[in-house]
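Work through the exercises below with the sequence and the coordinates open side by side. Each task is followed by a solution that proceeds in steps.

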Amino acid sequence: MKNQKGFSLIELLIVVVIIGIIAAIAIPNLLAARRSANEGSAISSLRTLHGAQMTYAATSGNSQYAGTAGGAADKVALTTLAGVNLIDNVLGGSSGVKSGYDFVGGRQASTSTTPATFFFSAIPTSASGLTQTGTRRFGVSTPGVIVADATAGSLGSHFSEADVTGCQATPSTIPGCGPLAN
């Protein structure tokens with residue numbers, strides 16, 4: 001057995017253990033970066049939706065916003081805005097899902113005494129586990145203030161228009177909820 005070349009079993013095991021340690025350190029950071037990117041995309045999408053609603057009301061909507069009148073949260077506003085090319089088809093598609101967040105919107109029609117209003121809400125498509133796509137839900141309404149709520153129990157439910165308005169109030173009427181810091 002002269003001139004044996006190669007690695008011993010112990011040397012290979014040491015390399016495998018080192019790779020495992022590096023992976024254990026790196027993977028949680030990569031997942032956190034992905035969640036952060038998804039949340040940034042959701043915030044950006046809400047800003048886009050707010051601007052698109054304002055443009056829609058000024059051009060195509062005859063001073064009314066896109067969506068189902070009555071304030072019910074659904075995908076109609078998204079598909080309407082995509083139909084007039086104010087938002088992309090990923091956000092405005094029938095699923096309303098983009099970057100791990102589910103989007104819905106609603107509106108109230110104007111009356112002789114109140115102006116038209118609208119809101120949008122975004123929640124993570126997966127709120128727990130390794131596949132978690134976000135840790136906060138977001139909302140925006142007519143004034144344009146984006147709000148966030150990190151309450152774990154609320155992540156599975158969308159904001160209503162009243163929730164967004166309550167979240168914008170100082171102090172907030174929803175615990176753990178408030179406007180995003182710029």
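The exercises that follow concern a predicted model, and they move from the overall fold to the cores, the surface and the salt bridges.

**Exercise 1. Describe the secondary structure of the protein and decide whether its radius of gyration fits the globule rule.**

Step 1: the secondary structure comes to four helices and six strands, and along the sequence these elements follow the pattern α-α-α-β-β-β-β-β-α-β.

Step 2: the globule rule gives 16 Å for 182 residues, whereas the radius of gyration of the protein is 23 Å, well over that value, so the protein is more spread out than a compact globule.

Step 3: the box filled by the C-alpha atoms, taken along the principal axes, is roughly 100 × 35 × 25 Å.

Step 4: as for burial and contacts, 39% of the 182 residues count as buried, and among contacts with a separation of 6 or more, 56% join residues 24 or more positions apart.

**Exercise 2. Identify the residues with the most contacts inside the largest nonpolar core, and state which elements give two or more residues to this core.**

Step 1: the largest nonpolar core has 25 residues, and those with the most contacts inside it are L46, L49, L81, I87, F103, F120 and F138.

Step 2: the elements that give two or more residues to this core are the helices α1 (9-59) and α2 (76-83) together with the strands β2 (101-108), β3 (117-124) and β4 (137-141), and α1 gives the most, with seven residues.

Step 3: taking I87 as an example and leaving aside residues up to four places away in sequence, one finds that I87 touches T48, L49, A52, L78, L81, A82 and G92.

Step 4: a second, separate core has six residues, including V147, F159, C167 and I174.

**Exercise 3. Find which residues make the nonpolar surface patch of about 610 Å², and classify I10 as buried or exposed.**

Step 1: the patch of about 610 Å² is made by L9, I10, L13, I14, I18 and I22.

Step 2: I10 is found in helix α1, and because its relative accessible area is 55%, against a cut-off of over 50%, I10 is classed as exposed.

Step 3: for the protein as a whole, the accessible surface comes to about 9,900 Å², of which 62% belongs to carbon and sulfur atoms.

**Exercise 4. Examine salt bridges of the structure, stating which parts of the chain each pair ties together.**

Step 1: side chains of opposite charge can pair when their charged atoms come close. The structure holds four salt bridges, and three of these are treated here.

Step 2: D102 forms a salt bridge with K75, with the closest N and O atoms 2.5 Å apart. D102 lies in strand β2 and K75 in the loop between α1 and α2, so the pair ties together parts that are 27 residues apart in sequence. D102 counts as buried, at 18% relative accessibility.

Step 3: D88 forms a salt bridge with K98, the closest N and O atoms being 3.3 Å apart. D88 lies in the loop between α2 and α3 (89-92) and K98 in strand β1 (residues 97-98), so this pair ties together parts that are 10 residues apart in sequence. D88 counts as partly exposed at 36% relative accessibility, and K98 likewise counts as partly exposed, at 23%.

Step 4: R137 and D149 meet through their side chains in a salt bridge of 2.9 Å, N to O. This pair links strand β4, which holds R137, with strand β5 (residues 147-149), which holds D149, the two residues being 12 apart. Both R137 and D149 are buried.

Technical notes. Residues numbered from 1 in each chain as written. Predicted model: local features only at pLDDT ≥ 70, side-chain atom pairs only at ≥ 80, totals over all residues. Heavy atoms only, no water. Core = buried A, V, L, I, M, F, W, Y, C linked by side-chain atoms within 4.5 Å. Buried < 20%, exposed > 50% of the residue type's maximum accessible area, 1.4 Å probe, protein only. Contact = heavy atoms within 4.5 Å. Patch = residues over 30% accessible without salt bridge, like charges linked within 9 Å, V, L, I, M, F, W, Y side chains within 5 Å. Areas by Shrake-Rupley, 256 points an atom, 1.4 Å probe, with all protein chains shown as cover. Rg over C-alpha atoms; globule rule 2.2 N^0.38 Å.
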